Structure formats: structure tokens, C-alpha cells
Amino acid sequence: MNCTISGEVPEEPVISKKSGLLYEKRLIERHIADYGKCPVTGDPLTMDDIVPVKTGKIVKPRSLTAASIPGMLGMFQNEWDALMLSNFALEQQLHTARQELSHALYQHDAACRVIARLKKERDEARSLLAQAERQAPLPASEVTANVSALSNGKRAAEDEDMGPGAKRMHPGVSESIIAELTECNAALSQQRKKRQIPPTLAPIDSLERYTQLSSHPLHKTNKPGITAIDISLSKDIVATGGIDSSAVLFDQTSGEILSTLSGHSKKVTSVKFVALNNVFLSGSADKTVRIWQGSEDGIYDCRHILKDHTAEVQAVTVHATNNYFVTASLDTTWCFYDLSSGLCLTQVEDPSNSMGYTSAAFHPDGLILGTGTTGATVRIWDVKSRVNVANFDGHTGAVTAISFSENGYFLATAAQDGVKLWDLRKLKNFRSFELYDQNTPTNSVDFDHSGSYLAIAGSDVRVYQVGSVKAEWNCIKTLPDLSGTGRATCVKFGQDARYLAVGSMDRNLRIFGLPEDDASTEL
């Protein structure tokens, strides 16, 4: 019996459990250490698969081929042929590796050229935009008694109507607007009574299998951090606001950046899509709110720059009519705007409140506004009368995020001490989640559009199944923060909870959902 590798009688014979082939022990050990597979079959092989063969001590006879000069010459010829074949195979592998390396270098060079060209075009566009903004005149001649002049949203301060204490005068919310809000509320309330969970909603067992599908570096490396997320459910476009003072619109389906919106001078704190007319809103720590108008070719232009606040704008929320929106600021006021004109209809300030606003959201029916404050209080407002109708206390630290459930009954609020759930019918807290340690705030909460799931972001992301006041709210999935920063800053459900968009303190947008194979099987 000869060794499969050397063809000689082995001194220490061993046999493979898998293939049944005989080897010299020292030769197969070296081959497994180098390649980890069988030299004949190519199957994976370890030393655990090798069994020694016990034989008696015998004197190894000289092989017949080595007993004569012609035999030795034939043996040398065979070894030379094997060496040449091995050398030819190595040359083929080297040629293939050189071709692959050449192709990779060509792709890298082409990508660098494209990036350089895009950066040049971006810088030229920014320069032209800055030049146009400097040259744009203020139409002061168009100022009227009740509407201040607007030039791309910038007010002509010298012609504004000023009230007592040098404060701006606002036209107020007219009866026609109140009627519009009331009519919208009645229609949505009626629809909610007939509301059913859509059959396309992701089931619980799907959410339990969610994993990271992709990660996209959307913001600058020198100022990393995503501070806000919103999703256009109809178009599957994700918007992010960053510490680098820009907002990015990202097509989740194609994985491409559609537009990068620059103009704010400080971090973007809030981003919101308007469901109609391709409009987008961004609020910033530079005290301004910008209204962006999109075109058919995907380019967004800044239509208005709103400067009614005197401190950081912390939240922007859009009314269900898609005709109005509210901004909340650390200057202790919130403003109600007309979307089409960018005009601040009213700026609400409560003399009894000295706390700045850190978050805000409209109730799904549109007649209730919720605001979170730096003083750990959640304030509920009647939008029609702009009156504070309820306060929710109990949090520790600033209220970082609030979210109303689509069922209209529940409100989720996040702060330093975790998440609290409030029953809007009885105006009381019925459940609290203290998820992280006292040094880790809860940064974001979001109900999905059906009101079936609640996502919470802090040092990780957790998804809960929505229960009721008495029924448990079960955690069905915990997603780790893969940014390495230990801080997930914002989270948002996609259409039918089919995926989760998560922002962290690095510059990457992460998409969590079912892998394609599992998703196609489920469908």
C-alpha cells in the first residue's frame, strides 16, 4: 500500500475517515496545515479526520524503479513532468490574479475621477448659490400692513410691523383656517373609527428576524452624527439631518443619494417631509427653518428662510392638512406657519412657562399639539385656541422626543430617564420603560403608521408590540448600535414597518429589515 501523495510505502501510514485514502503522516499534516483540504478530493479536511494505521516494523524494500539506472531515469522524468505541470498551474493563477488586480485598479481610478468631478460641480453650485443669495434684492415695496415682506423667506426688518416691546406682529389664525382644521379633524376622526390594520403590515415574526441590511455614509467625516430622520412613505425616501449642518435625501430602494441640502450654518435638528407638492422642511440650531421646494429632476431649492425664533429650533411638525406646520424652539415659543407663503400666523408664548421646547408633534387628527420642554414637562395644546390644556409631569431631564399613536389614544415621550406612555383619554401615565442607565438618555420614539409597533432609540434600538393600557407591551426585537458610539439618536419606521431607518453619532444611515431571501419567501 502506497502513500497517495508520494506514491511510496509510508513509514507512518494514516488513513482519511472521509475518503479512505492512505497517506504518509508527515506529508498529509503539512498539506492540511497549508490548505486545509484533501489533496485528492478537495473536500475540507482536518487532522481530526486522520486515523493512524498500526503496522508491524518491516524493512522497507528498495523500489523496483530505483533498482536500475533506466528505472531511476524514468522516475526523474515523472517528477520533472509533475513539476512542470504544477509550475504551469501557478502561472495561470498568477495571470488571473494580475487581471483581477488590473480591473480593480481601473475601477478605483474611475471612481476617484467621478468623485473629483462631483466635488468640483458641488463647489461650483455652492458658489453660484451663495452669489445669487447675496445679489437677491429684498422686495420692500411689496410690504403690506398685515404681511411682512419676504425674499426667499427673509423678512425686511426695516419695514416690519412691530408690536409693544419691539416684537413682531403676526396676522393670527383666521376663522377660515380654524374651519379648515376642524373639517380635517372631523374627516380623520371618522376614518379612524373604520381604521383596520393593513394586511401588508410586517408581522411580529418578521420583526423578530430583522437585521442590518445596509449602511450608508451620508454626512461629512469631520462632523459626524445624524440628529434627525424622516421618511416619505409614498416614495420610500429617507431624509437625515446632520451635525455637519446639511440635510440629505436618500432613496432607500436604489441606495442612492438624491440630494444634499446645504444652507444652514449649524447642525440640523429636525427634518420633515410634506406629503403634498414635493416640499421638505428643515430646522436648525442656527435659529432658522428652511422650506425646500423639489422639482421633477430631483433638485431642491430653498424657497423660504424663516427667522421668527431667537434660539435654536428643536422641532418641526407638519399638520395633517399639509397646509400648515409648527416649529418649536428653545426661546420658549412655538410658531404656527402657513406652508405656501412661509408666513408665521402666530407665535405662541406662555408667560407662565420659562422652559424652552425640545420636541413637538401634532396629534394625528390635527387639533392637538404636543410639546416637550427642557424642564421635563410635556405640554398639550389646543391648536385652535393656542391654549395649554394639559401638562404631563414625571420625566427626568429634557423631553427629547414625542410620538402620537395613529389610534389617537396613546402618546409616547422620551427623556433622560426612559420612555413614558400616556393615555390621552384619562390624561395619565400608564406605563414606563426605564431601559438604560442614568447616563444614557433615550433619544427617539416612533410609532409606526398603523400604531402596531413602537421603536425606541438610546444605546440600542428596541421594537415593542403595542398593547393597551392594561395589556403588556412586549419587546419583540433589540437591535444593537453598530456605530460604535453607543448612541442611536433617531429611529423611524418605513412603509408597513417593512424596515427601520436608524441614525447614530457616526455619519451612517443604517437600514434594518428582513434579508432579501427571507423577505421573498414571506411574500
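**Note on the predicted model**

1. The secondary structure of this chain amounts to 5 helices and 33 strands, and it should be kept in mind while reading that the model is a predicted one. The radius of gyration of the chain is 34 Å, which is well over the 24 Å that the globule rule gives for 523 residues, so the chain is more spread out than a compact globule.

2. The overall dimensions can be read beside that value: along its principal axes, the C-alpha trace of the chain spans about 120 × 60 × 40 Å. Of the 523 residues in the chain, 44% are buried, and the chain exposes about 27,600 Å², of which carbon and sulfur atoms supply 53%. When contacts in the chain between residues at least 6 apart in sequence are considered, 46% of them join residues at least 24 apart.

3. Turning to one sheet, the model has an open sheet of 3 strands in the order 2-1-3, and the pairing is antiparallel. The edge strands are strand 2 (22–24) and strand 3 (50–52), each of which pairs on one side only. From one strand to the next, the twist averages 40 degrees.

4. Within this sheet, strand 1 (residues 13–16) and strand 3 run antiparallel and are joined by 3 bridges; a student tracing the pairing on the structure may look for S16, which stands opposite I50 in strand 3. Helix 1 (residues 25–35) lies across strand 1, strand 2 and strand 3, and it runs at about 90 degrees to strand 2.

5. The loop between helix 1 and strand 3 is where D49 is placed. Is D49 buried or exposed? Its relative accessibility is 15%, and because buried means under 20%, D49 counts as buried. If its neighbours within four places in sequence are left aside, D49 is in contact with I15, S16, K17, K18 and P44. One of these, S16, has already appeared above as the residue that stands opposite I50.

6. A second place to inspect is the hairpin of strand 21 and strand 22. How many bridges join strand 21 (residues 378–382) to strand 22 (residues 387–392)? There are 5 bridges between strand 21 and strand 22, and the two strands run antiparallel. I380 has A390, in strand 22, as its bridge partner. The hairpin has 4 residues between the strands, and in this hairpin R386 takes a positive phi near 55 degrees.

How values were computed: Residues are numbered from 1 along each chain as its sequence is written. This is a predicted model: local features need pLDDT of at least 70, side-chain atom pairs count only at pLDDT 80 or more; totals for chains, interfaces and linings use all residues. Side-chain values use heavy atoms; hydrogens and water are left out. Two strands pair if DSSP finds at least two bridges between them. Axes are lines fitted to C-alpha atoms, for helices over the stretch in contact, and angles run from 0 to 180 degrees between N-to-C directions. Contact means heavy atoms within 4.5 Å. Buried means under 20% relative accessible area, exposed over 50%, partly exposed in between (1.4 Å probe, protein chains only). The radius of gyration is taken over C-alpha atoms; the globule rule is 2.2 Å times the number of residues to the power 0.38. Accessible areas come from the Shrake-Rupley method with a 1.4 Å probe; for residues, only the protein chains shown count as cover.
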